[in-house]
Amino acid sequence: MGRVFKFHNDVDTDQIIASQYLLLPNIEEMKVYTFESIDRDFAKKVEKGDIVVAGENFGCGSSREQAPSVLKALGVKAVVAKSFARIFYRNSINIGLPVIISKDLYDKVEDMDQIDIDLTEGLIKLSEETLPCTKLPPYMQNILDNGGLISFLNQEEA
Amino acid sequence: MGMTIGEKIIARAAKVDQVKAGEIHTIEVDRLMSNDGTTHLTIDMFHNDLKHPKIADKDKLVFIMDHNVPAENPKTAAAHRKMRNFAKEHNITLYEGKGVCHQLMVENHVCPGEFIMGADSHTCTYGALGAFGTGIGCTDFLYAMVTGQSWVLVPETIRFELTGKLREGVYARDLMLSIIGMVGANGCNYKVMEFAGEGAHNLDIDERLVLCNLAVEAGAKTGIVEPDEKVIEYVESRGRKAENLFVSDEDAEFEKVYHIQLDEIEPVVARPHQIDDVVPVGEAKDVKIDEAFLGSCNNGRIEELRVAAQILKGKKVNDHVRFIIAPASNEVYLQALEEGLIDIFMESGAMVMNCNCSVCWGSCQGVIGEGEVLISTGTRNFKGRAGHPDSFVYLGSAATVTASAIAGKIVNA
């Protein structure tokens, strides 16, 4: 089970992690600034296993991989949105952060609700009902299952 | 079955005869660009996470420092040093402070028909030369740097059939903002935006760069203008070969076709904080501004500087406005010097910066404070993009930005 942190439509990568933090030496130093402009205390509140839920076009804007990386580093288990911007989506899979498209979840949960996501079964479990998630194409699922593109590469070359 | 331009470039890169939308292919990447926004992290991953660290082909790599140059604090300086040292150690082409990455790539590297990945979302700019440029993160960059390859989910293509010419005083930037306003900020998510028709061929290379550069702001994987004689001339004049000029087949499949009459486009601005909140300049008239910015990978070229200089000549920047101008590359800067444009800017009270991402990046220079309003030729008007989270960015053409800098409020040029 994880708590829901709910965000609106068109959350861009500047809002996830602003430009002025991108050249810090590493993700650990950056992660405390996650969502700074829209939820200043997010990094303090979020715990391992929590879930980010958003509307349309989550992660639009820049290609900064720091955006999914800070979420993963803070322990976010998955991001569930009505739709994702493509570079964020691809980056998330590459670093092994599950990104799940669900048109229905957004309107069925509130901030801080407890939900459970079963990634292997592809199911989102709410208190009253269970929603199916969209499946990734097998090629992309394989990258995610391997823990991201670099683990995948290391195994390819093993 | 016919193919679109995007499909033809992917097929070439995948070394297959035919691809179609929805397929996943492994491709050979022709060129890889990375800038100082993420390269330090890529280098750390190269050293720490790879079982067999190696570089497939150093000649495909270009490193460019343009986001925070010159460094504004010791941590940036350390990130830059890491990038500089790595480039030196591996003999990778490196530009430092020579211009905005996409402008330098277009001036010096991009060839038609190439498949290029860049660790920057505006890599889609290269479609102006008939190439497939697309933005990636540093993990994708690292994978491609090590293997020379990447994977691509072939996108569907949305075609924009352009006819006629833009009216005087209306610019490619007005056209592209209008298109984004029409389709929405995710209206082309994961698609190729293909610009074709005689209207597209009427546009010069600098105007095509403006269109393709903002394709990602409609969610697109890339934007490509059907290449023609103008592309051959541009590329060959810079000593490169223009061999693979792909155009879509007559029976190619498009997800959708929009018809756009260029002479119907009017000057527009995108209002904060949504790039698709696009209205005629008149509707934002009289919004008081604190800062104006001319520059960025979208709009810092010589053509835009000329437009600004023409409007500024003999006039003064408003006392309440900082007008910041950053030419997109050294080549552009030198040309502007030669034409006397820099004199006009300085005499008017504008600040001319070194060639870099400047205000558009919101972290290096010209950052705006709480409650302040910026009108910009940059790429984005996201909340907080130019500085304080509670500040406001309007996007407009070089003409609108310059006229507004003089008036102290948003006005039509």
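Student: How many residues does the contact take from chain A and from chain B?

Tutor: Contact here is a C-beta affair: two residues count if those atoms, placed from the backbone, lie within 7 Å. The contact takes 37 residues from chain A and 44 residues from chain B. Keep in mind that this is a predicted model, where local features need pLDDT of at least 70, side-chain atom pairs count only at pLDDT 80 or more, and totals for chains, interfaces and linings use all residues. Residues are numbered from 1 along each chain as its sequence is written, with chains lettered from A and ligands numbered from 1 in the order in which they are written.

Student: Which element gives the largest share of the side of chain A that touches chain B?

Tutor: Elements are DSSP runs numbered from the N terminus: helices are H or I with at least four residues, strands E with at least two. On that side of chain A, α5(A) gives the largest share, six residues.

Student: Now α3 of chain B: which of its residues are buried?

Tutor: Buried means 20 or more other C-beta atoms within 10 Å of a residue's own, exposed means 12 or fewer, and partly exposed is in between; the C-beta atoms are placed from the backbone. In α3(B), that gives B:Thr76, B:Ala79, B:His80, B:Met83 and B:Ala87 as buried.

Student: Why are they on the same side of α3(B)?

Tutor: An α-helix has 3.6 residues a turn, so residues three or four places apart point the same way. The buried residues of α3(B) cover an arc of only 95 degrees around the axis, which puts them on the same side; the arc is taken over directions from the helix axis to the C-beta atoms. They pack against α2 (39–48), β3 (61–65) and β4 (93–96) of chain B. The face turned away carries exposed residues, including B:Arg81 and B:Lys88.
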